[in-house]
Amino acid sequence: MTSDVSIGGLYPQYCLQLSPTFNTWCLMQAADVHALKTVPEYEVQNFYFYKNLPIKWARIVGIVVAVDDFPGRRIYTVDDSSGACIECTVATKTPPSDKTATNLEANGWFTKRPQPQPPADCVDVDVGTVIDIKGGLARFREEMQIKIEKVKILRSTEEEVALWEKRTRFRNEVLQPPWVLSERQVRKCKKEGMRDAESEERKRKRERRRAERKKEEEEMRRKTEAAEAAAAQENRYRAYKLKKADGSRPMTQASQVVASIPTAATVAAAPVVEDRYRAYKLKKRDGSRPFARANQVVTAIPTEAMAAPVMEDRYRAYSLKRGHSTQEQQPQRIPAPTADTEDGYTAYKIKKGGDSRPVIRSDATTIDTVAAAAVEDQYRVYKVLLCENALALFHQQHVRLHDTHPDSVSFGQLNVRALLLDSRDIACLTETANVTVTVRATKGSQQTSAPVLDNSQVANVVTSAEASGTVVILPSLTNTAPQTSGYVATGLTASGKVTSCPLMSNPIPTPSSLIDTAAPATSVAPLPSAPMPSGDIFSEPIGTGAPPGTISARSDHPVPRKGITSSSPLQTNKFYSNFFLGDQTAPTYTYPYGIAWGAGRGAAASYGMTISHIEASQRVFGPTKADSGAASYFINPVGIQSMVISAQELGSDTAVGIDSVTAFSATIHLKPNAQAVPAVSFPLVQGMPFITAQYAGATPVIRTGVFFRTVTRVTQDPKAGVAKYTFQLEDGKIWRLYAYATTGSQLNLQVVNNGLAQSTQPFYGIIQVAKDPGNGEALLDQAAGVYPTTVALSGSVSGTTGSYTFKFAKDGHPDGKLVMYALPHHVSSFDSTTRNGVQPVQLMTPAKGIATAVLADQWTMQESNLPVSMGFAPWSPDKGSLTTLSDNAKVVIRGIAAQEVSQDMMAQSDLDSMYFSGKASLLQMPALAKFAILIIVINDILGDPALAQSGLNRLKAAFATFATNKQKYPLVYESAWGGVVSSATYVTGNDGADFGNTQYNDHHFHYGYHILAAAAIAHLDPSWLSANKDYVNALVRDVANPSTQDTYFPTWRAFDWYHGHSWAHGLYASYDGKDQESSSEDMMHAYALKMWGDASGDSMLSSRSNLQLSIIARALQDYYLYKSDNAVQPPQFIGNKVAGILFENKIDHTTYFGANIEFIQGIHMIPLLAPSPFVRTPAFVKEEWDVYFSNGRVDTIAGGWRGIIYGNLATIDGKTAWNFFNSSNFDPSWIDGGASLTWYLTYAALMGNV
């Protein structure tokens, strides 16, 4: 039997010594340290709490990313790759000055002062050092800090990895398991504590008695000293009378002490006093008498001639001690400044942080502007660079994680020596591991990760006329290197994301009484078989009216619509979003290319559109994981500016605009200023083989950060009116440029130097740039001049076969078909006609394998195994729906179901988040959907309609809170972007509130659970539909509106028909593009739409959702879920078995809330539903189980994650899963508080034929 805890769920103070963390160096992650909670009753002891574990001493392993000095202390900012940094402080002491040396600078302008120094073990710690820190916990301005006690510098990766493993063991073995004491232990601690308290009280009494005796002794000593002082005063008076012989009494102060003078009058006394008096008068020259100081001893001065020098020396010594000048202020003639003194003065002013202007000499007739600029640059460099290290620059004005300037941009690895920045423009974006940093600087600052080529210089080129064309050969560069490595950011930007393990730590309490069965019982007809739709399943909207009146409307939104001229509804989760978010410079991934507005930065220093393409050989792979042998991540470098399309009219005032926004395309405009017409426009469609630029009279400029090796004007035009250029870059890659002049002369490029080619005149038409993989020239010639503008989506379903078509709208040259790049899941599902257009030209994509060129104006993809027969019951691809339980299983499950359906549904669902309300806990079965599926089991599988009806009545009441919009943060319809969002950010001002729902994060997750619950209620009671259909359809339309006829919502907010899955990332700028973590919740949202379509009789919705489920299954099996034969993702990575977090530009085998393997794999398992085996095939589940969880390893997993893993096992081994969930020693904590044991038992029994 365990004890009750006291304050806030914590044990009393006298029990803390039994904690495994008491007086222990707790090896933790920075993110966990920041998550520690404080309790007022324990603050005096400096205890912080992880759950109920007291922690006072912490240990952190990470890289130093900033060093900041303050009076009396130094702060090391340490990044341990946990998603947060932590400040570690240490006291500094200033060594004594060297008074024996002059200690001056060489120029003589100012004195060197000793600098404060940290303890010896911290002296060698600098930015970039990997350290092991031990120290005490503290809080400063609401942020956790570590007060350093010990520091060890880690000299090798092996040492760091060993500590990582130790940290993981400490977390799993100490922090994660519940710390529980028995009542006996608590009683014993209490007795010991009382004995200790009595002992302390006796000790305090002894100390008080000792203090009182000491006070009495001190009083006696003071009285004795007072008597002696009175006697000394009398002696002084007698001596004075000997001198004055007039009986006058000197003025004295109470504190004055005079050395004793013998009572017998002596002749020697008078000369001593007289000499002292005369010496003082010599110094003061005013006849005043000296004033005796306490304990003052004056030596005899024998003569008047010697008195003055001696007193002067004493005066100077006293002034030196007091820090004053030792010389009289004499008039001085200031000499005219020389060049040396001017430099010294400027250097001094720079060091002091003052004005950096040079002194202007009185005789100066001109000002050396070059010298002045150099001094100014020196001042600016000094202000930014306190040490020559990029990470120090990064943290020079350190801002706590994710509090970034709204108008800033990210840079990558920086060469600090070449960087001139104003330190006021620096702010921290995120902290990253190793030596890679992400820096944010306001628009106008310049990144120089490689020396920028001076484009004002004209290179001495060699021109060669050949049969194929005119070749311009550029000279080799000796002092400027091409920028071919870019930079990577290994950190995660967690805006609106879940950053702590979100499973409920405590199980739902067992109800004190069981629910009464209701009468009449439910009477459910089979799911309606709506007629199979004919024609285009995307042609009709779900609705066209305004959202229901219970959802209030407003016209504002916290995120501004930068540069957008299209009217709402607007897309929020699409590939081009970075062009209107943040500072508009983060890349957009069109696949296979990455493009970005240059903003005057980077190696090319252009204000045009930068273009890059990353080969597989350029990828950066993370450390190998011990359990799987796979790389922990792979990332494509960002910031390589292979080609840049720009115009002479674009400069520092360039503005970015965007219009023609659809679910599949957008057009980006670069304008000389915000009021000007575009100089260049770029129509964007995913899969386009060319980056196409539209000109209407601007003068084209082509730049590069990789530098031209040769530029060839091809003699033979590929088509009428189309000029062709071939650029070979310094990295050996070939890029083709095609220029189709619609009016006027063809494009004539003049090569200026290795980084610049520009047109000799304005241009009207389009310029297209494409990378040639080596065999693509003929195909690119054929497609030149033609470009896509958007995509029309259509589809049809017949039985279990469905198809969908991309019809590309195109423009440009009248001659030629369109070429587009297809992803692997497209190619594997092409119909025969489309397959005929497949070409042997391929390019690597950032995160989805190899893209294949297709010569066709439209594609059609087919899915032949739609899960049309899938219902709410467990489902197998081979057997269909499974509903027949054995009698023994029914008895067991019926008992559990009666308890679970009696839980308080209202309390579990009426939370402060659409996410938490849709889900009983963030990562498990939803609260509303949990109970909905539970009641389906009771009614449809257990065959107990009376019990089901009782539960249904409660579920309807809980759902009504949301249907009437009376939850804590009601939904609102905002017309700025066009969507239904949580009001949480409007109310709190926090853009991450409600997991970023207001910013359109995760809508398909949040609303998917509510839609699934509504589908189950409508299935059980069709009469409920009429009153609730509009509310549920508003959620459906927000997530999956199929038609532009619906003017309240954008089409397909979440699902990306090109990529084959959804994106969860809303209105947050990101340098790695959109991302999605939980692939299984993506599956859930499509399943919820299907079931709502079935229950509400919307056959179009049901057919689209069956098609979506099939596409998701195919795409996830290529990109997210990796069997050993996966040929799409890198072989170094597929051993992880799941993606973790998939971005457009990288894949990171982790989660936003932790790196435990059960977190990473489990986030792609939940929720366990009927379509789980359809997406997560038995063969995949078996491979994943064998890598991570077999041979008893699953039983080492703590808490609700163990139940998740066993539920997943039921897909391939239902009997083992049944035995786990039905074991006599089953611990309820193995089921997350929001999960349904009834559903797990039912799924395991039916899949395992128990």
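Student: Where is P592 found in this predicted model?

Tutor: P592 is in the loop between β15 (588-589) and β16 (594-597). The peptide bond leading into P592 from Y591 is cis, with omega near 10°.

Student: What makes a cis bond worth pointing out?

Tutor: Most peptide bonds are trans. Here is another cis case: the bond from I1166 to P1167 has omega near 0°. P1167 belongs to the loop between α22 (1157-1162) and α23 (1172-1175).

Student: Let's turn to helices. Why is α20 called roughly antiparallel to α21?

Tutor: Helix α20 (residues 1079-1096) packs against helix α21 (residues 1099-1119) at an angle of about 160°. Angles over 145 degrees count as roughly antiparallel, and that makes α20 roughly antiparallel to α21. Their axes are 7 Å apart, and the crossing is left-handed.

Student: Which residues make that contact?

Tutor: On α20 they include M1083, A1086, Y1087, L1089 and W1092; on α21, L1101, L1109, I1112 and L1116 are among them. The residues of this contact divide into nine nonpolar, seven polar and three charged.

Student: Now the sheet. How do you know that β33 pairs with β37?

Tutor: Pairing takes at least two bridges between two strands, and six bridges join β33 (residues 801-812) to β37. One of the partnerships is S803 with Q862 of β37. The two strands run antiparallel.

Student: What makes β32 and β37 edge strands?

Tutor: The open sheet has three strands in the order β32-β33-β37. β32 (786-798) and β37 (858-863) each have a single partner strand, so one side of each is left without a neighbour in the sheet. From one strand to the next, the twist averages 15°.

Student: Where does α21 lie relative to this sheet?

Tutor: α21 lies across β32, β33 and β37. The helix runs at about 90° to β37, and 65 to 115 degrees counts as roughly perpendicular, so α21 is roughly perpendicular to β37.

Student: Back to loops and backbone angles. Why is E142 called exposed?

Tutor: Exposed means over 50% relative accessible area, and E142 has 64%, so E142 qualifies. E142 sits in the loop between β7 (130-140) and β8 (143-153), and its phi is near 65°, a positive value in a residue other than glycine.

Student: What makes a positive phi notable there?

Tutor: Most residues other than glycine have a negative phi. N23 has a positive phi as well, of about 50°, although N23 is not a glycine. This residue is in the segment before β1 (26-27). With a relative accessible area of 54%, N23 is exposed too.

Note on methods: Residues are numbered from 1 along each chain as its sequence is written. This is a predicted model: local features need pLDDT of at least 70, side-chain atom pairs count only at pLDDT 80 or more; totals for chains, interfaces and linings use all residues. Side-chain values use heavy atoms; hydrogens and water are left out. Axes are lines fitted to C-alpha atoms, for helices over the stretch in contact, and angles run from 0 to 180 degrees between N-to-C directions. Helices (H or I, at least four residues) and strands (E, at least two) are DSSP runs, numbered from the N terminus. Angles under 35 degrees count as roughly parallel, over 145 as roughly antiparallel, 65 to 115 as roughly perpendicular and the rest as oblique. A crossing is left-handed if the near helix is turned anticlockwise from the far one by less than a right angle, and right-handed if clockwise. Contact means heavy atoms within 4.5 Å. Ala, Val, Leu, Ile, Met, Phe, Trp, Tyr, Cys and Pro count as nonpolar, Asp, Glu, Lys and Arg as charged, and the others, Gly among them, as polar. Buried means under 20% relative accessible area, exposed over 50%, partly exposed in between (1.4 Å probe, protein chains only).
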